Amino acid sequence: MDFDLSKEQKMIRDEVRKFARKEIAPKAEELERTGEYPYDLMEKMAKLGLMGIPFPEEYGGMGGDWVSLHLVIEELSRADANFGAIIDVTTSVVGQELYVFGTEEQKRKYLIPIVKGEKIGAFGLTEPDSGSDAGSLTTTAELQGDEWVLNGTKQFITNIGLDNASLVLVAARVQNEGKGDIISTFIVPKDAPGFELGEKYRKMAMHASATHEVILNSCRIPKDNLLGDPNRGFAQHLAVLETGRISIAAMAVGVAQACMEEALRWAQGRAQFGQPIFNFQAVQFKLADMAVAIELARNMYLKAAWLKDQGRQHAFEASAAKLFASEMAEKVASDALHIHGGYGFMEEYPVSRYFKGIKLLQIVEGTSEVQRMLIARTLARQ
Amino acid sequence: MVYQLNKSQKEIQKAAKEFAKGEFDKDLAYELDKNQEFPEKIWKKAAELGFIGMHFPEKYAGGELDVLDNVILAEEFCRKDSTIGSALMLSAFASECLLRFGSNELKEKYLPKVAEGEMLSGAAYSEPDTDAAFDSLITTAVKDNNEWIINGEKSYVLNAGMAGFYCVLCHTNGDQKTSLILVESQRQGITVIDKGEKLGLRMTATSDLKFENVRVPLGQLVGKEGNGRKQVQSVLDESCILIASLALGTAQGAFDRALDYVKQREQFGKKIVQFQVTQHKLADMVSKIDQARAITYSAAQSFDAGKLDVKLACMAKLVACRAAVEVASEAIQLLGGYGYMTEYEIERFYRDAKNMEILGRAPTHLKDIIAATIVGKIK
């Protein structure tokens with residue numbers, strides 16, 4: 001057994017840590033407040049190759065592994081979770097789905113610009129009436145001559161509102177003569193006729209990673225934009241979400257780590273009752289619990305990513321890491337706020353931003369409840 | 001203690017509910033929260049109807065009602081909207097000092113203005129480096145003929161910049177003794193220092209105040225000279241009941257919204273309320289809310305009966321605020337992605353709940369106080 005990161009993994013983690021600390025962290029508060037999209041920083045991330053870590057060099061990627069990508073997600077999220085979210089969607093989920101299921105031509109056309117960070121991808125599964133029960137989606141696709149015609153509404157679509165977003169991968173129902181319907185996945189370019197970008201959602205936080213509604217109003221795309229096996233569109237979509245779960249766990253660890261560091265720094269610097277508040281047992285124990293939870297969650301996401309790199313089953317590990325990490329992060333953020341007292345509520349201190357952002361992680365890529373359902377299912381199968 | 005609302009309490013509850021339903025507008029709340037603005041029009045109307053300072057004596061334009069009545073009002077207001085409700089109920093935050101300790105002249109002059117919606121009041125106790133015992137104050141008030149001259153800085157002053165007057169905790173005459181002094185906001189030498197964006201309770205201003213040679217008449221001393229710290233501790237103990245009731249309403253409001261949602265939302269071919277996990281979540285939420293209500297009402301009742309039970313008031317705040325944070329968090333969870341969107345309001349309740357938990361007495365300090373009443377002072 002070996003818990004050490006490889007030389008390459010350490011190198012990229014340290015490089016991104018430095019980048020995130022120097023470039024992202026100082027702007028995080030402003031980005032969150034203004035809700036402006038961080039195009040300049042995304043460009044810098046692209047230059048470092050961060051959007052394409054796990055993809056082969058022939059597609060513009062780094063030829064790295066999933067462990068490295070997730071170390072990077074943790075480090076970015078430690079500075080600003082919005083950046084973890086952007087990479088989760090575009091690389092772990094969309095990039096992977098194109099890479100694994102796309103034809104050579106689709107990869108050349110759609111994957112490479114995403115891997116290079118010139119374009120950003122979005123993922124379309126959720127609908128107004130189809131959330132946890134993703135299989136109940138009602139968006140339809142119908143082949144008319146050389147084109148698919150899609151109709152429906154996809155909701156809570158992260159990234160699609162960015163100017164450089166190029167496409168959304170849409171799961172839609174297709175009538176399959178006499179055999180009922182199947183769910184297939186389609187590459188829907190943002191400039192396709194009938195593609196409408198709906199309103200930007202007003203969220204609690206995470207304003208710098210845009211979330212929009214997407215309306216497909218007789219949206220026409222070429223016949224060749226069907227992705228993968230038409231009978232297995234839903235399974236494909238769910239398969240990449242498994243990786244998305246590892247990414248959310250890494251994000252949660254990054255934010256929780258930032259919370260703990262802020263709380264520790266505050267506790268050591270803030271004097272009350274004639275001494276640093278760190279000296280109080282109540283504060284020390286809170287910090288100790290934070291450190292334990294973060295360490296556990298970090299090991300969990302790294303193990304899931306490592307299993308993925310080994311080509312082994314990791315459905316349980318991905319769900320468990322996501323569930324545990326997102327829930328512990330809420331507690332860590334909450335306690336970090338307590339340690340700050342009244343100061344914690346002011347945006348001058350980043351903990352209030354962390355607290356608001358972290359709640360989202362218990363919802364995206366399958367809620368905590370969905371993770372428990374999936375985990376129970378894996379138990380029943382064993 | 002079993003709580004059963006009597007007829008007049010039920011009437012207050014009904015009136016509060018109707019007022020909130022008629023006046024607290026969801027879109028307005030979104031805008032005010034976003035821009036950190038006080039709900040001025042609603043406040044004026046609430047004051048007209050006698051909802052502000054309801055527990056003040058009649059001669060000060062109050063309703064001569066009980067603390068429990070005020071708790072019921074706060075609960076109903078926050079149930080409908082945690083941010084508007086809190087802003088209204090905290091609009092008179094420094095008036096308690098005046099009510100409990102102020103001279104008749106000061107009470108006559110200011111309490112009616114508070115109750116009638118003419119002015120907000122702000123509590124200026126904390127300083128950047130003070131602790132919960134207010135041991136290291138730098139703000140001083142020095143006697144000069146028939147005036148106090150005040151210098152110093154106060155932090156996290158509720159309603160700062162909006163208030164008509166502040167109750168300011170100062171060292172008086174340089175010794176270790178402290179006193180409370182009423183300072184009108186239009187006096188020369190007061191600067192409001194904006195603290196920027198905050199997490200929750202965003203319709204209630206929280207800013208710092210700087211006092212530079214601010215002069216007020218000696219008669220504006222609130223209570224006894226030298227008793228400032230003690231008086232502040234006592235109103236902060238008392239405020240635990242009010243903040244607990246804000247939290248109670250916030251928890252109930254988040255719960256109401258989640259319950260409505262799970263009853264109509266269908267997934268996997270049935271209403272999500274039909275899932276056992278959903279039902280058990282609801283059971284846990286409602287249990288927490290009922291615990292919070294029982295202890296908060298009980299703290300208010302015992303205060304109305306004669307004496308503030310400090311331990312009970314602190315426990316009420318601890319329990320009710322925790323309930324609010326946990327219930328709101330679970331409510332967001334039940335709504336899934338919708339829960340994170342402002343449209344469904346619960347995210348705002350969650351932020352407010354978290355802010356209430358730290359407002360006034362923070363949990364660590366509450367536990368210190370509760371423990372001290374059990375084990376006595378440890379030498």
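Biologist: Before we start, what makes a residue "buried" here?

Modeller: A residue is buried if 20 or more other C-beta atoms lie within 10 Å of its own. Keep in mind that this is a predicted model.

Biologist: Okay, so which residues of helix 1 of chain A are called buried?

Modeller: Ile12(A), Val16(A), Phe19(A), Ala20(A), Ile24(A), Ala28(A), Leu31(A) and Glu32(A). Each is counted as buried because 20 or more other C-beta atoms lie within 10 Å of its own.

Biologist: And what covers the buried residues of that helix 1 of chain A?

Modeller: The cover includes helix 2 (39-47), helix 3 (66-79), helix 4 (81-101) and helix 9 (351-358) of chain A.

Biologist: How do you know what span to expect for helix 1 of chain A?

Modeller: Helix 1 covers residues 7-34, which is 28 residues. At 1.5 Å a residue the expected value is 40 Å, and the helix reaches 39 Å from its first C-alpha to its last, so the two are close.

Biologist: Where is the kink in helix 1 of chain A, and what is its angle?

Modeller: The kink is centred on Ala28(A) and comes to about 45°. That angle lies between two fitted axes, one for the seven residues ending at Ala28(A) and one for the seven starting there. Ala28(A) is also on the buried list. After the helix comes Gly35(A), with a positive phi near 70°.

Biologist: Let's turn to chain B. Why does its radius of gyration agree with a compact globule?

Modeller: Because a compact globule of 379 residues would have a radius of gyration near 21 Å, and chain B has 21 Å. Along its principal axes, the C-alpha trace spans about 80 × 45 × 40 Å. As for burial, 54% of the residues of chain B count as buried.

Biologist: What is the secondary structure of chain B?

Modeller: Twelve helices and ten strands.

Biologist: How many residues does each chain bring to the contact between chain B and chain A?

Modeller: Chain B gives 29 residues and chain A gives 33. On the chain B side, helix 10 (310-335), helix 11 (346-358) and helix 12 (363-375) each give two or more residues. Helix 11 of chain B has the largest share, with five residues. Sorted by class, that side of chain B has ten nonpolar, eleven polar and eight charged residues.

Biologist: Back in chain A, what makes up the side of domain 2 that touches domain 3?

Modeller: Eight residues of domain 2 of chain A are in contact with ten of domain 3 of chain A. The domain 2 side has five nonpolar, three polar and no charged residues.

Definitions and conventions:
Residues are numbered from 1 along each chain as its sequence is written. Chains are lettered from A and ligands numbered from 1 in the order in which they are written. This is a predicted model: local features need pLDDT of at least 70, side-chain atom pairs count only at pLDDT 80 or more; totals for chains, interfaces and linings use all residues. Helices (H or I, at least four residues) and strands (E, at least two) are DSSP runs, numbered from the N terminus. The radius of gyration is taken over C-alpha atoms; the globule rule is 2.2 Å times the number of residues to the power 0.38. A residue is buried if 20 or more other C-beta atoms lie within 10 Å of its own, exposed if 12 or fewer, and partly exposed in between; C-beta atoms are placed from the backbone. Two residues are in contact if their C-beta atoms, placed from the backbone, lie within 7 Å. Ala, Val, Leu, Ile, Met, Phe, Trp, Tyr, Cys and Pro count as nonpolar, Asp, Glu, Lys and Arg as charged, and the others, Gly among them, as polar.
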